[in-house]
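Visitor: I should like to go through this structure with you. May I put some short questions as we look at the chain?
Guide: Certainly; please begin wherever you wish.

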Amino acid sequence: MKRQWSVIFFSIWMAAESMWGSLMLPILGDGCIVPAETEKAMQAWAVGMEAPNPAGELHMKTDSILGEYTTSFATSSPSRKKNIKNGAMKLDGITLLPGETFSCYDVLAPFNAANGYETAGAYQNGRIVSSVGGGVCQISSTLYNAVLGAELEIVERHAHSMTVSYVDLARDAAIAGTYKDFCFTNDSRHPVAIKAMVYGDSVTFQILGIETRNKSVRTIKFETKIVSTVNPGDTVVTYDQSKPRGFTKMTQRAHKGYEAELYKVIYKNGQEVDRIKINSSIYTASPAYITVGTGG
């Protein structure tokens, strides 16, 4: 992924855009707001003010939110919540010039304690397991939907092995090892920036840039189509002698399997003029898992 660019070139580029209205967005040297200033910066952005400038940042002129999406993590464990907040801040403020490609994995990894991650639930081979960095797929999935709204080029996107609760079918974007990543290219004629916000138990991503689409005439929306459904198999019971008789605990709920498709629907003057398939996604069915105590 190409992330290094010339400050001089960027300044010249932005000067050429000076005829546009602008929203001042701070871009730090390392691509994110320093932790001590995060809350204050978000509050400033929320009311349309200029955010504080902790260290050596540039200013990028933008006039529009090209794409925006929000998901909730209210039911997540404390560790998963921390991972989502940590990941969001790593993506916040990253800027892409025309032609540059962004990789979620390159920015979020490595998934270890030294990089601010904790152990939380993640998917692996049809089971929920504990993994350092569990929850970061909600970051990539939320960003994916913001990029869809901005209509930028999706380079790489993968469905999860099982369904997730925080986005509709075919609207997720999984990250797994080095073999599943979410990548997109800024194929517009102007620079764009990623803005991340975490308020309470929700995370929002915005793609900021210069709006060139005529939204008063042309609008878009995204629709999920379920192609087929597979019911989960019989419940899997594990008997545990270390647990007393009468103990019963569901360790994983059942997941239905699906084949789903995502479409971008384009309207002109309120009339549908095109329907483009964005992706096809397959989610594996998985049974419920229950532990039953057999001890004394």
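Visitor: By class, how many nonpolar, polar and charged residues does the lining of the largest pocket have?
Guide: This is a predicted model. In it, the lining of the largest pocket has 18 nonpolar residues, 20 polar residues and three charged residues.

Visitor: And how much space lies in that largest pocket?
Guide: The largest pocket holds about 1,000 Å³ of space.

Visitor: Which lining residues are the closest to its centre?
Guide: Of the 41 residues lining the largest pocket, those closest to the centre are Gly121, Ala122, Tyr123, Gly135 and His160.

Visitor: Which elements give two or more residues to the lining?
Guide: Strand S6 (119-124), strand S7 (127-132), H5 and S14 each do so.

Visitor: Where does H5 lie relative to S5, S8 and S9?
Guide: Helix H5, residues 136-150, lies across these three strands. The helix runs at about 145 degrees to S8.

Visitor: In what order do those strands form their sheet, and is the pairing parallel or antiparallel?
Guide: The order is S5-S9-S8, in an open sheet with antiparallel pairing. Strand S5 (101-103) and strand S8 (153-156) are at the edges; each has a single partner strand, so one side of each is left without a neighbour in the sheet. From one strand to the next, the twist averages 25 degrees.

Visitor: How many bridges join S5 to S9?
Guide: Three bridges join S5 to strand S9, which covers residues 183-185. Among the paired residues, Ser103 has Cys183 in S9 as its bridge partner.

Visitor: Turning to S14, what is the strand order of the sheet that holds it?
Guide: S14 belongs to an open sheet of three strands in the order S13-S17-S14, and the pairing there is mixed. Strand S13 (236-244) and strand S14 (248-252) stand at the edges with a single partner strand each, so one side of each lacks a neighbour in the sheet. On average, and with direction ignored, neighbouring strands of this sheet are turned by 35 degrees against each other.

Visitor: Do S13 and S17 run parallel or antiparallel?
Guide: They run parallel, with six bridges joining S13 to strand S17 (residues 289-295). Within this pair of strands, Pro244 stands opposite Gly295 in S17.

Visitor: A change of topic: where does Lys180 lie?
Guide: Lys180 is in the loop between S8 and S9. The C-alpha atoms of Lys180 and Tyr105 are separated by 8.5 Å, although the two residues are 75 residues apart along the chain.

Visitor: Which residues does Lys180 touch, not counting those up to four places away in sequence?
Guide: Lys180 touches Glu156, His158, Ala159, Ser161, Ala174 and Ile175. A polar atom of the Lys180 side chain lies 3.2 Å from the backbone oxygen of Ala159.

Visitor: What about the backbone: which residues have a positive phi without being a glycine?
Guide: Glu151 has a positive phi of about 60 degrees, and Ala170 has one of about 70 degrees. Glu151 is placed in the loop between H5 and S8, whereas Ala170 lies in the loop between S8 and S9. Most residues other than glycine have a negative phi, and most peptide bonds are trans.

Visitor: Is the peptide bond from Ala109 to Pro110 cis or trans?
Guide: That peptide bond is cis, with omega near 0 degrees. Pro110 lies in the loop between helix H4 (104-108) and S6, and S6 is one of the elements that give two or more residues to the lining of the largest pocket.

Key
Residues are numbered from 1 along each chain as its sequence is written. This is a predicted model: local features need pLDDT of at least 70, side-chain atom pairs count only at pLDDT 80 or more; totals for chains, interfaces and linings use all residues. Side-chain values use heavy atoms; hydrogens and water are left out. Two strands pair if DSSP finds at least two bridges between them. Helices (H or I, at least four residues) and strands (E, at least two) are DSSP runs, numbered from the N terminus. Axes are lines fitted to C-alpha atoms, for helices over the stretch in contact, and angles run from 0 to 180 degrees between N-to-C directions. Contact means heavy atoms within 4.5 Å. On a 1 Å grid over the protein atoms alone, a cavity is a set of points where a 1.4 Å probe fits but cannot get out, and a pocket is an open set with protein on both sides within 12 Å along at least five of seven lines; lining residues have an atom within 4 Å of a point. Grid points are joined across faces, edges and corners, and a volume is the space filled by probe spheres set on the points. Ala, Val, Leu, Ile, Met, Phe, Trp, Tyr, Cys and Pro count as nonpolar, Asp, Glu, Lys and Arg as charged, and the others, Gly among them, as polar. A polar contact is a pair of N or O atoms within 3.5 Å; within protein, one must be able to donate a hydrogen and the other to accept it, and residues adjacent in sequence count only if both atoms are side-chain atoms.
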